[in-house]
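I opened the model to look up a few strands and one contact between chains. My notes follow in the order in which I checked things.

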Amino acid sequence: MEVFIVSLLNGLVYGMLLFMLASGLTLILSMMGVLNFAHASAYMLGAYFAYTISLYVGFWPALIIAPILCGFVGAAIEMWGLRRVHRNGHIAELLFTFGLALIIEKGVQMGWGLLPVPYRVPALLDFPLFSIYGTNFPAYRAFMLLISGMMFGAIWLGLTRTRIGLVIQAALTHPEMVGALGHNVPRIFTLVFAAGTALAGLAGVIGGNYQVTEPAMAFTMGPIVFVVVVFGGLGSLTGCFIASILMGLIQTFAVVFDVSLADLLAKIGFIVTAKTPLAEVLTVTLPRIGALLPFLMMVLILVFRPRGLMGTRDT
Amino acid sequence: MRQSFWLRMLMGVLLALGVTVTAQAQQTIKIAYTDPLSGPFAQVGDANLKQMNYIIDHINAKGGALGKKFELVPFDNKSNPADALIALKSATDQNMPFIMQCSGSNIAAALIEAINKHNDRNPDNRIIYLNCGAVATELTNEQCSFWHFRFDLHVGMKAEVMSRAIPKDVTKVYMINQDYLFGQSVQRDVKAFLAKNRPDVTVVGDELIPLGKIKDFSPYITKIKASGAQALVTGNWGPDMNLLIKAGIDAGADLRYFTFYAHLAGGATAIGPGGDGKVLSVMSFGENVAPEIGNKEAEAFTNGFRQLHKFDFAAATFRTIFEYLQSAINKAGSVDPTKIAFAMEGLSQKDFLGYDSTMRKDDHQIISAYYVGLFKKGVKYDAEGTGLGWATTATILSKDVNQPTICKMKRPSA
């Protein structure tokens, strides 16, 4: 029980962090059709900006300023980069964002060095909020849950209750029609891209000191975010939310269950020994392949339900 | 007629150019250095590179070897054996006498095999492999090679040191290691030496994790706590080390950490003040060793690095590698790798701290002094500006780490 509750909380925190990253990406992907490889780089930039800003004015202003900076970076990328590349089709866009991700990584390495920077949790939140069965639940994790929860609410309200949200939703499925109705679709694109990047930046601000702020953080976070987006389905914020939480919980719980296929087979009366064919594979325990599970699930969902969990159209 | 004259001129110029290029190349003794300089483990390779360059400057200022200076030529291998082999190819193409590699025993194993083949086939273009930190026990036992010289204690020796360093009140440990050659080596050897030296200690959990993939170790900490372990024993390095300890400290888990690599770059930052007195590391060097034994010269040497860089000079014993090279090259009187290899095996000298060391002839494994450090407040030199640092709690002399080897060395006919 102890393990279950603690793991549930940890899974939730990680899932919500994934959601902050993935929500921006899913908006960009479903609206513009751009698989933005540089999205996780914005997450990294957010963390580094927040670190640098917090050196001068503290964590709280950084929480606001860093995502805004990331938003501007995103807007600049969209207006002066993607929009030009867009004419040459999706492959060009893909390669463009891929190159961008590498450039940002090198840039960060040159600007801040290869080593992790000491970006720490603010002193105000650096205490155990409560303790379950002797394991501390840091206040900062609760704060992360709060921020990401508020963000989910804000996006949902923004998309469903505001005029611009309605236009964005319309542009998701019928961009030409929205353009024909007199809306400035390119500007909406810029807005969505900037907002998505800002969200990733915000995730970086609160994720950078939860994990470690280092140049490899974009590289490690990138693939899993793609999995969430594909799994959740295009154009569905709810799907993205469910997928994020699911991935967070799966990765957390995979670690704590020391079972292997051999154990399952033993339950139905089949004992695996060293001589059994594929014994190596059958005896691999769940924690050892935990990191692989999300990718396995992505492959499965692409085969059996290409539009994802709640997607409205095919990937 | 005219054409062939021009052709001959051109050939002449090219030849002359070729001669000057080789003449320039011979002015320095080049060492190819291959480690991850990008990707998740980039910080490890980068920290090594900075420390080596500092040491090389020091050695060159003392005259290098045979009047020539050492020069390090870095090649990024992205933690990938295939890329390391490309680096090896470049090094042999340019006739470099040495290749050095520190991070990743899987990469080391690939290099040893490739170098054995290369040196067999190309007797006039051989290369020596200087291993500065790939420590899987096998590499100087089952897999030992005449061309491979290891300048760090192997896992078996470190595990023995570790088994003796575990405090008496700890009887339940949990093991987490990386799922590859090195991690498996740690897993096996630590268990073997615990059984031998500390039969009262039970291993309550034993686990392998994918290399460099995990971002949040909190679930592991939950599991470790549930197992009732008092301490965690881990050979993890790089982000796998730093994130693991950080997760444990953040959860306020009542655990102690017995590590092989927590003292390397990024470790102190990840542990932070919350880890006061909780983390032990088995290490080749710590910045507080020199002041503790009152060696002023060594202290000045390490302090010089501190002025230049923001992380610890944890690998100051790389200096031993270059001092051995210096002696072996001077002894051989040439930069011919075969002669140097023969000159280096069996060499004994004092390291810069004044402790005995030997490059054991039987398996080309260095036998040198080793230290156990405790991360705590109130040390002379703190680590990475945290205010805490590594205090030496035990110094193990080279005669006490000398484990037998099963190596059957095949020597070339000189």
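Before reading off partners, I fixed the term: I call two strands paired if DSSP finds at least two bridges between them. The model is predicted, so I kept local features to residues with pLDDT of at least 70.

**Entry 1: strand β6 of chain B.** I looked up β8(B) as a neighbour of β6(B) and found B:Y174 opposite B:L232 in β8(B). The two strands run parallel and are joined by 4 bridges, with β8(B) covering residues 231-234. On β7(B), residues 202-209, I counted 7 bridges to β6(B), again in the parallel sense. B:I176 has B:E207 of β7(B) as its bridge partner. I then followed the chain from β6(B) to β7(B): it passes through helix α6(B), residues 181-197, and this β-α-β crossover is right-handed.

Is β6(B) enclosed or not, and how many of its residues are buried? I took a residue as buried if 20 or more other C-beta atoms lie within 10 Å of its own. Of the 7 residues in β6(B), residues 172-178, 6 are buried, so the strand is largely enclosed by the rest of the structure.

**Entry 2: the small sheet in chain B.** I traced an open sheet of 3 strands in the order β11-β12-β13, paired antiparallel. Its edges are β11(B), 348-350, and β13(B), 366-368, each of which pairs on one side only. From one strand to the next the twist averages 20 degrees. Between β11(B) and β12(B), residues 356-359, I noted 3 bridges and an antiparallel run. One partner I wrote down is B:D356 in β12(B), set against B:K350.

**Entry 3: chain B as a whole.** I listed 13 helices and 15 strands. The radius of gyration is 23 Å and the globule rule gives 22 Å for 414 residues, so chain B is as compact as a globular protein of that length. The C-alpha atoms fill a box of roughly 90 × 40 × 40 Å along the principal axes. Buried residues account for 54% of chain B. I also checked contacts between residues at least 6 apart in sequence: 72% of them join residues at least 24 apart.

**Entry 4: where chain A meets chain B.** I found 28 residues of chain A in contact with 33 residues of chain B. Which element of chain A supplies the largest share of the side that touches chain B? That is α1(A), with 6 residues. Among the other elements giving at least two residues are α9 (217-232) and α10 (237-256) of chain A. By type, this side of chain A holds 17 nonpolar, 8 polar and 3 charged residues.

Definitions and conventions:
Residues numbered from 1 in each chain as written. Chains lettered and ligands numbered in written order. Predicted model: local features only at pLDDT ≥ 70, side-chain atom pairs only at ≥ 80, totals over all residues. Buried ≥ 20, exposed ≤ 12 C-beta atoms within 10 Å, placed from the backbone. Right-handed = clockwise from strand over helix to strand, strands pointing away. Rg over C-alpha atoms; globule rule 2.2 N^0.38 Å. Contact = placed C-beta atoms within 7 Å. Nonpolar A, V, L, I, M, F, W, Y, C, P; charged D, E, K, R; others polar. Axes fitted to C-alpha atoms, helices over the stretch in contact; angles between N-to-C directions.
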